[in-house]
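Before you set up any calculation on this model, I would ask you to read through the points below with the coordinates open beside you. They go from the whole chain to single residues and then to the interior space.

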Amino acid sequence: MSFLKKLMVTAAFSAAMFVNAAYAENVKIALVVKSLGNGFFDAANKGAEEAAKELGDVDIIYTGPTKATAEAQIEVVNSLIAQKVNAIAISANDADALVPVLKKAMQRGITVISWDSGVAKEGRQLHLNPSDTGLIGETIIKLAADYLPEGGDVAILSASSTATNQNAWIDAAKKVLPEKFPKIKLVATVYGDDDSAKSTDEAKGLLKSFPNLKAIIAPTTVGVVAAAQVVTDEKLIGKVNVTGLALPSEFKKFIDNGASQAVALWNPIDLGYSAVYLAHDLAVKKEEAKPGATLSIGRVGKVTLDDSNSAAMAPPFQFDKTNIEKFSKIY
């Protein structure tokens, strides 16, 4: 074989190896959470890994800041852009502050979706809500009202003041109060920033500022645990009911000891699974995110996008003494 022929064969073989390596490389999907060390997001990551295993060609990068701030998430996203990931699925600490860096990601060809806590429309291709916003808002008030037949003062302990999902749920809760829950008086809304220590301090502050408080509503899995622990420690069980959105595995002891009568949540495992499924199909199958589009979320089913390219999953599910034992073993 002549030198020229050998050179051509070698070049062809190298090209084939390069193409095969390119096709063999897995799709990199980053699941960006508000903060690491949060049980809700750890459960969502379990679902993300389930989706990756099912899809077969996906590597999950589970990441987020240690503190739930937009600035810290921006640093994380910039790092992911540098890594040239294929898709970013983010639960945002701020709907607007993250838009510029996520626009930058999309300009680099990276698929961007938000889930759980949304990004403004111009900063993502679609948003996946865990449930209908209005339904969540009504549910968190009803969880308190169901155990206050005579009504009374309640307060909300939220996550950060810029958290898209928390603010939307609180607004929805306020809207239903006059008509559906006229005996319930919302006396304050405070913010624990999804930080256990700060949430604890805020819960203590509520109890001190409002001695007639009957319930603390925390639509955050970090805040609800902190508030229930405060009520337990200050021996206010039976006087102040703590409710909101909670992971059964983290909250069972407070249902058992009476600090809470009931809480609610959706399945975070299904949420993380669905977010990865959507990100994959947009990045790989080139599905189009547009109003009216119906998209698959694998074993969970399908979602249809509204005019803002948002979709909602299942209604919140209530946990109380009758069922929390069972679900605490799942998530």
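The numbered points that follow are my notes on this structure.

1. The model is a predicted one, and everything below should be read with that in mind. In terms of secondary structure, the protein has 11 helices and 14 strands, and its C-alpha atoms fill a box of roughly 95 × 35 × 35 Å when the box is taken along the principal axes.

2. On packing, buried residues account for 52% of the 331 residues in the protein. Among the contacts with a separation of 6 or more, 69% are made by residues that stand 24 or more positions apart.

3. On the surface and its charges, the accessible surface of the protein is about 15,000 Å², and carbon and sulfur atoms hold 53% of that area. The protein carries 35 positive and 37 negative side chains, while the centres of these two sets lie 3 Å apart.

4. Where does G258 sit, and is this glycine buried or exposed? G258 is found in the loop between α9 (248-256) and β10 (263-265), and it counts as buried because its relative accessibility is 18%, where the cut-off for buried is under 20%. Once its neighbours within four places in sequence are left aside, G258 is in contact with I237 and G238. Another glycine, G137, is 121 residues away from G258 along the chain, and the C-alpha atoms of the two are separated by 24 Å.

5. D171 belongs to helix α6, which covers residues 164-180. With a relative accessibility of 44%, D171 counts as partly exposed, since that class takes in the values between 20% and 50%. Although D171 and G134 are 37 residues apart in sequence, their C-alpha atoms are 8.7 Å apart in space.

6. How many cavities of 30 Å³ or more does a search of the whole structure find? The search finds 1 cavity of that volume or more, and about 140 Å³ of space lies in the largest cavity. The elements that give two or more residues to the lining of this largest cavity are α2 (39-55) and α6.

7. As for the lining in detail, 15 residues line the largest cavity, and F40, Q166, P219, T220 and T221 are the ones that lie nearest its centre. Helix α6 provides the largest share of this lining, with 3 residues, and α6 is also the helix in which D171 lies.

Conventions:
Residues are numbered from 1 along each chain as its sequence is written. This is a predicted model: local features need pLDDT of at least 70, side-chain atom pairs count only at pLDDT 80 or more; totals for chains, interfaces and linings use all residues. Side-chain values use heavy atoms; hydrogens and water are left out. Helices (H or I, at least four residues) and strands (E, at least two) are DSSP runs, numbered from the N terminus. Buried means under 20% relative accessible area, exposed over 50%, partly exposed in between (1.4 Å probe, protein chains only). Contact means heavy atoms within 4.5 Å. Accessible areas come from the Shrake-Rupley method with a 1.4 Å probe; for residues, only the protein chains shown count as cover. Lys and Arg count as positive and Asp and Glu as negative; His and the chain ends are not counted. The place of a charge is taken as NZ of Lys, CZ of Arg, CG of Asp or CD of Glu. On a 1 Å grid over the protein atoms alone, a cavity is a set of points where a 1.4 Å probe fits but cannot get out, and a pocket is an open set with protein on both sides within 12 Å along at least five of seven lines; lining residues have an atom within 4 Å of a point. Grid points are joined across faces, edges and corners, and a volume is the space filled by probe spheres set on the points.
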